[in-house]
Amino acid sequence: GELTRQVKGRRTIFSQMQDQSLVRGGIGNCIAFPASKSRVAWDLFGGLLILFDLFCIPLRVFDYPESPFTEFMDAFTLTFWTLNVAITLTTGYVESGLTIMAPLRILKNYLRTWFIVDCLTLIPDWTFTILNLASANLDTGGQEDTVKILRILRLARTVRLLRLLKLKKVMERISDYLDSEFASIVSNIVKMIALLLALNHAIACVWFWVATAGRDGGLLTWAEKHGYFDDSWDYQYIVAFHWSITQFTPASMDVQPQNIYERSFAIGVVVFALVGFSYVVGSITGSLAQLRSMSEQATKDFWMMRRFLKRNSVPLELSVRIVRFVEHAHSRQQQMMSIKEVKVLGLLSGGLMEELQCAMNLPHMTVHPLFDHLKSYSVITVQRLAKEAVHRTQLATGDTLFLPNQDGTSLYFVCSGRLQYSRSSVGETEERQVEFVDKGEDWIAEPVMWTPNWVHVGELMTVTECEMLSVVPDDFARIVTLVRPVASLVGRYSQRFMAWLGEQESQGALSDVTQGEDATDLVRGFIPEV
């Protein structure tokens, strides 16, 4: 038994090595990420074709005439789903929370999932298309036999509705791109309405098919009694759809079952409607109630805040500032949520959480050449810094971040908004120097990172509402020292920076703000070559 387990383990390792070698090789370069925009767009277009089939295939019971458009759509749909096989084999998939990009595993997954569905849908389609093209060159006797086969194959093409199984995956891909609760709720309402219409469409087509089958069997049917068989196919469909809708609502119409088969079908539809319609209506009602509760809670919270300010005799000017800032902060919170608010993110592994924090914070930090260099030099260090040493702060217009002669506590980056920095120049005039700090260009109070004795030399105040990113020196030092090469690199950088800072002090040019457009190349020169 132990020997067998070892052999199986070695085979598993060997197969994984084969997969990895293929990924690194030429085949792996063709594998697309499952959540890539191009793949999502392809799946979305496939979802539209599935909905087209859902509408047109049941509609064939009304014997609508063929047109150049329907012939084009049949050919286009067949070509699309044939190409989709190749697309599926060159796209990764998600299994147990992991993205699989190995070609051999993708092939195995396809063979046990969508392979059978594709065979059942594509083989009848291609056979029908080839025979249809070949029948044009046959004599009259051969054409009669081919027409019989084509009728059977046309009926077999209804298996294309099996692709409805793929519609769930398409809807999940679309949901991934909805980043607000409001959009998600509206999407659910639209989905429920579409489901209701699709069910009534299918029931209407089956209702007319029951009438057609009854007429062929010599029975009196609802369509024959009212003379609908002599009307155009589109009017026949509208009447059948109207009857279907009335089974889900208290409405009524003059069409009634005329034989036992129609009455049995009508009873089944009514029983189904009792459950199905209640589910759809209940889901829509719940979504509408959820929309109302979202706005009601916010209105209640703001009313409580205004009541608190008034009862505590807060000055009107301050009260207005507080209300305006809270309104702005609430609006931003709807757009940008903190990780703490999303409880399910607590299920992430430590590595994934570090990657998430890094993706959120690092773009603002890489305006500094040192962090930009560390991003490629030690990915683990940067991820830990983004998770454990970085904090976000919201500031209102007119807030002061620090004043002259105040001890420095953090290195700051601007995530959004604009600030104004002012300091007194050293000289005979002692004029007040003013400069602006913008997002994506500047960083603030870097000396705090390299000396515990840094005292701010100017005043920093917000011009607009701002979101700041602060790096805590103690946490930064603790994380950097975990990796010796990184600690050595950062140590040599800090020595060169402090030497330059001493020169600035002797020239009376000390400042809390480093203007990126002026100092980026200079600061990059402090980074030692490795």
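Leaving aside its neighbours within four places in sequence, which residues is Leu219 in contact with? The answer is Gly214, Glu224, Asn259 and Tyr261. The model is a predicted one, and this report goes through several of its parts in turn, beginning with the whole protein.

## The protein as a whole

The protein contains 18 helices and 11 strands. Of its 530 residues, 37% are buried. The exposed area of the protein comes to about 31,000 Å², and carbon and sulfur atoms supply 61% of that area. Contacts can also be sorted by separation along the chain: taking those between residues at least 6 apart in sequence, 77% join residues at least 24 apart.

## The loop between helix 8 and helix 9

Leu219 is in the loop between helix 8 and helix 9. Thr221 lies in that loop as well, with helix 8 spanning 181-216 and helix 9 spanning 222-225.

Is Thr221 buried or exposed? Thr221 counts as buried, because its relative accessibility is 0% and buried means under 20%. Leu219 has a relative accessible area of 32%, so Leu219 is partly exposed.

The contacts of Thr221, leaving aside its neighbours within four places in sequence, are with Ala211, Gly214, Arg215, Phe229, Gln258, Asn259 and Glu262. Gly214 and Asn259 are among these partners of Thr221, and Gly214 and Asn259 are also among the partners of Leu219. A distance can be added for Leu219: its C-alpha atom is separated by 9.6 Å from that of Ile260, and the two residues are 41 residues apart along the chain.

## A nonpolar patch on the surface

Seven named residues make a nonpolar surface patch of about 610 Å²: Leu107, Leu111, Phe115, Ile116, Leu120, Leu162 and Leu165. Which helices each supply at least two residues of the nonpolar patch? They are helix 4, residues 103-111, and helix 5, residues 115-135. Helix 5 gives the most, with three residues.

Leu107 serves as an example from the patch. Leu107 is placed in helix 4. Its relative accessibility is 37%, and therefore Leu107 counts as partly exposed.

## A sheet of four strands

Four strands form an open sheet in the order 4-9-6-7, and their pairing is antiparallel. Strand 4 (400-402) and strand 7 stand at the edges, where each has a single partner strand, so one side of each is left without a neighbour in the sheet. From one strand to the next, the twist averages 25 degrees.

Strand 6 pairs with two strands of this sheet. With strand 7 (residues 432-438), strand 6 (residues 418-424) makes an antiparallel pair over seven bridges. With strand 9 (residues 459-462), strand 6 is joined by four bridges, again antiparallel.

Ser422 has a residue opposite it in each of these strands: Val434 in strand 7 and Glu459 in strand 9. Arg423 stands opposite Gln433 in strand 7.

## A sheet of five strands

Another open sheet has five strands in the order 3-10-5-8-11, with antiparallel pairing. Its edges are strand 3 (390-395) and strand 11 (513-514); each has a single partner strand, so one side of each is left without a neighbour in the sheet.

How many bridges join strand 8 to strand 11? Two bridges join them, with strand 8 covering residues 443-444 and the two strands running antiparallel. One of the pairings is that of Ile444 with Val513, its bridge partner in strand 11.

## Two residues with positive phi

Asp63 and Ala445 have positive phi values, though Asp63 is a residue other than glycine and Ala445 is not a glycine. The table gives their phi, place and relative accessibility.

| Residue | Phi | Place | Relative accessibility |
|---|---|---|---|
| Asp63 | near 55 degrees | loop between helix 2 (37-59) and helix 3 (68-89) | 66% |
| Ala445 | about 60 degrees | loop between strand 8 and strand 9 | 0% |

Asp63 counts as exposed because its relative accessibility is 66%, where exposed means over 50%. Ala445 counts as buried because its relative accessibility is 0%.

Technical notes
Residues numbered from 1 in each chain as written. Predicted model: local features only at pLDDT ≥ 70, side-chain atom pairs only at ≥ 80, totals over all residues. Heavy atoms only, no water. Patch = residues over 30% accessible without salt bridge, like charges linked within 9 Å, V, L, I, M, F, W, Y side chains within 5 Å. Areas by Shrake-Rupley, 256 points an atom, 1.4 Å probe, with all protein chains shown as cover. Salt bridge = Lys/Arg side-chain N within 4 Å of Asp/Glu carboxyl O. Buried < 20%, exposed > 50% of the residue type's maximum accessible area, 1.4 Å probe, protein only. Pairing = 2+ DSSP bridges. Axes fitted to C-alpha atoms, helices over the stretch in contact; angles between N-to-C directions. Contact = heavy atoms within 4.5 Å.
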